[in-house]
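Reader: I'd like a close look at a single part here, the second largest pocket. Could you walk me through what lines it?

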Amino acid sequence: MSTENLSQGRNASLFERAQQSIPGGVNSPVRAFRAVGGTPRFIARAQGSYMWDAEGQRYIDYIGSWGPMILGHGHPAVLDAVLKAAHEGFSFGAPTEREVELAEEIIRHVPSIEQVRLVSSGTEAGMSAIRLARGATGRSKIIKFEGCYHGHADALLVKAGSGLATFGHPTSAGVPQEVVQHTLVLAYNDIAQIEEAFRTQGDEIACVMIEPIAGNMNFVRASVPFVKRIRELCDQHGALFVFDEVMTGFRVALGSAQSLYAKAIPGFRPDISVFGKVIGGGMPLAAFGASRKVMQQLAPLGPVYQAGTLSGNPVATACGLATLKEIAKPGFYEALADKTRRLVQGLAGAAEAAGVPFAVDSEGGMFGFFFGRELPQNYPEVLATDQPRFNRFFHQMLDRGVYFAPALYEAGFVSAAHSESDLDDTIAAARSAFAQA
């Protein structure tokens with residue numbers, strides 16, 4: 001019996017019940033399966049590389065809580081650290097030694113950062129980074145790129161305008177036009193647009209914010225020439241370059257995505273970095289960091305205000321610190337990257353054998369695939385790929401016990417817990433699914 005038929009039982013009843021008390025039945029929109037159709041799976045438990053839904057159906061998990069579970073679910077060292085911290089206390093509203101240890105661990109692996117502020121979510125970290133950049137420069141305008149997602153802060157929920165280097169328009173009700181009037185939305189990987197924006201408004205731009213590997217239009221890399229030119233323009237005009245590594249941070253490399261660009265661009269460093277997901281190990285924790293000079297603009301030292309009751313939560317920091325210590329062990333990323341490459345190459349081979357246009361890419365433990373002949377370089381090119389075919393493939397894989405993200409626009413994640421057998425089973429399932437595509 002297919003999982004879709006099974007879902008007419010407990011999953012469906014839970015979803016119906018949830019819709020009575022939670023808008024859309026979910027607490028984050030993509031979980032509702034609206035992009036792909038069908039009934040969302042209500043997860044009851046997870047262990048290692050697997051999740052089980054409310055009806056006992058097991059799935060090989062390539063979501064990994066949207067990235068944090070780089071070690072897999074229930075890693076013994078992480079679980080032990082969390083249980084010990086929980087026994088000591090859930091929250092104090094006062095400093096703890098573990099906050100300092102986690103900050104030191106992040107700084108140790110990311111040379112561009114001299115100080116870091118811990119917060120509770122990627123949205124909070126991104127919002128705070130923008131405020132810090134504005135406060136540090138005394139400017140108001142910010143640049144972001146179409147297809148990059150930096151959380152649901154008002155100033156960042158913006159779509160592109162109608163012309164070259166035009167100001168954006170709100171993408172959500174409840175966001176007034178005047179709130180986004182200082183947000184400039186440009187095309188990803190378009191050097192001409194960023195040059196034009198700085199030529200006309202360079203002395204008003206506080207920062208440029210980018211996902212170095214965009215994980216919210218599936219998996220799209222910022223080209224090295226594009227990143228290099230942004231760095232040059234920010235330096236020339238006194239703007240700050242913000243790397244949003246909520247998704248890529250400690251996921252694509254121990255030094256995060258910025259370490260990959262530093263290998264290709266001598267001396268490269270972003271001015272502000274934003275982290276989340278992996279640094280919390282699955283707990284609500286995020287951070288933003290920069291040089292000491294920039295970070296000392298923050299209260300209580302400087303005029304830029306930011307605060308949070310649960311910032312540096314002792315249980316979350318225990319989870320994050322244990323995770324970072326595990327992934328820093330020698331050979332971890334080499335093994336993780338090998339697994340991820342084996343998965344995407346296997347998927348590509350299965351698609352090729354079936355004559356299905358299919359393009360893949362990966363870095364570290366993060367990957368993406370598209371139903372098209374070439375890898376997209378920006379959001380319009382992602383939109384041009386075959387979404388109906390993706391939707392069919394998603395359900396065919398779900399029916400075979402493989403859980404990919406329920407939307408074309410989301411990257412996938414491999415964990416250290418994925419076994420050779422998991423990868424083989426996934427590729428075999430894809431081979432069968434492509435034969436029916």
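Author: Sure, let's start with the strand β4, which gives the most to the lining of the second largest pocket, with four residues. Strands here are DSSP runs of E of at least two residues, helices are runs of H or I of at least four, and both are numbered from the N terminus. Keep in mind that this is a predicted model, where local features need pLDDT of at least 70, side-chain atom pairs count only at pLDDT 80 or more, and totals for chains, interfaces and linings use all residues. Residues are numbered from 1 along each chain as its sequence is written, and side-chain values use heavy atoms, with hydrogens and water left out.

So what's a pocket? On a 1 Å grid over the protein atoms alone, it's an open set of points where a 1.4 Å probe fits, with protein on both sides within 12 Å along at least five of seven lines; a lining residue has an atom within 4 Å of a point. This one has a volume of about 370 Å³, meaning the space filled by probe spheres set on the points, with grid points joined across faces, edges and corners.

Its lining takes in 19 residues, and those nearest the centre are Gln115, Val116, Arg117, Leu118 and Met295. Two or more residues each come from α4 (97–109), β4 (115–119) and α9 (292–295). By class, the lining has ten nonpolar, five polar and four charged residues. Here Ala, Val, Leu, Ile, Met, Phe, Trp, Tyr, Cys and Pro count as nonpolar, Asp, Glu, Lys and Arg as charged, and the others, Gly among them, as polar.

Elsewhere, the helix α2 has Glu16, Arg17, Gln20 and Ser21 exposed (over 50% relative accessible area, 1.4 Å probe, protein chains only) on the face turned away from its buried side (buried being under 20%).
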